[in-house]
Amino acid sequence: MKSLLSGIIGIILVFLAANSMAEAECGPMTTGHNLLSCIESSDPEFYGYGLGFISGVTFAYRSMYDGVLKPEKICIPKGVKIKEVKLVVQDYLSNHPHKLDEPPWILISEAVKEAFRCY
């Protein structure tokens with residue numbers, strides 16, 4: 001009985017440690033590593049956190065361009081869904097592993113500028 005109880009407690013501790021490790025990899029959103037971990041997560045909460053971050057950066061970038069500030073122009077076609085932008089960002093991060101230590105908002109901007117160039 002004691003060995004069964006010890007086994008169950010061990011399994012619970014391993015699960016909790018693995019869960020907190022996954023959480024630590026996904027956040028806080030300080031590097032491309034964190035962002036990639038979130039958007040590749042099977043956990044809906046982590047996935048949503050990553051998708052929300054991409055959405056926020058993309059929206060802020062569009063707003064700056066439409067407002068007074070004029071950063072380099074991006075041309076995301078109307079009708080492009082945030083999940084499509086997420087795929088662009090995910091692909092960029094996967095293809096540029098040497099940049100994953102950079103801040104994620106910079107990486108998102110670079111990915112979006114590369115994918116949606118203005119002509």
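This text walks through a predicted model of one protein chain, from its overall make-up to a cavity inside it.

Start with the secondary structure. The chain has 5 helices and 0 strands. Read from the N terminus, the order is α-α-α-α-α.

Next comes the chain as a whole. It has 119 residues, and 32% of them are buried. The accessible surface is about 7800 Å². Carbon and sulfur atoms account for 64% of that surface. Now take the contacts between residues at least 6 apart in sequence. Of these, 55% join residues at least 24 apart.

Turn to helix α5, which covers residues 104-115. Its 12 residues should span 16 Å, because a helix is expected to extend 1.5 Å a residue. The C-alpha atoms at its ends are 16 Å apart, so the model agrees with that expectation. Several residues of α5 are buried: Pro104, Leu107, Ile108, Ser109, Ala111 and Val112.

Some of these names return at the cavity. A search of the whole structure finds 1 cavity of 30 Å³ or more. The largest cavity holds about 30 Å³ of space. Which residues line the largest cavity? They are Val57, Thr58, Tyr61, Ile74, Ile108, Ser109 and Val112. Ile108, Ser109 and Val112 are also among the buried residues of α5. Two helices, α3 (44-66) and α5, each give at least two residues to this lining.

What is the character of the lining? By class, 5 of its residues are nonpolar and 2 are polar. No charged residue takes part in the lining.

Terms used
Residues are numbered from 1 along each chain as its sequence is written. This is a predicted model: local features need pLDDT of at least 70, side-chain atom pairs count only at pLDDT 80 or more; totals for chains, interfaces and linings use all residues. Side-chain values use heavy atoms; hydrogens and water are left out. Helices (H or I, at least four residues) and strands (E, at least two) are DSSP runs, numbered from the N terminus. The expected span of a helix is 1.5 Å times one less than its number of residues. Buried means under 20% relative accessible area, exposed over 50%, partly exposed in between (1.4 Å probe, protein chains only). On a 1 Å grid over the protein atoms alone, a cavity is a set of points where a 1.4 Å probe fits but cannot get out, and a pocket is an open set with protein on both sides within 12 Å along at least five of seven lines; lining residues have an atom within 4 Å of a point. Grid points are joined across faces, edges and corners, and a volume is the space filled by probe spheres set on the points. Ala, Val, Leu, Ile, Met, Phe, Trp, Tyr, Cys and Pro count as nonpolar, Asp, Glu, Lys and Arg as charged, and the others, Gly among them, as polar. Contact means heavy atoms within 4.5 Å. Accessible areas come from the Shrake-Rupley method with a 1.4 Å probe; for residues, only the protein chains shown count as cover.
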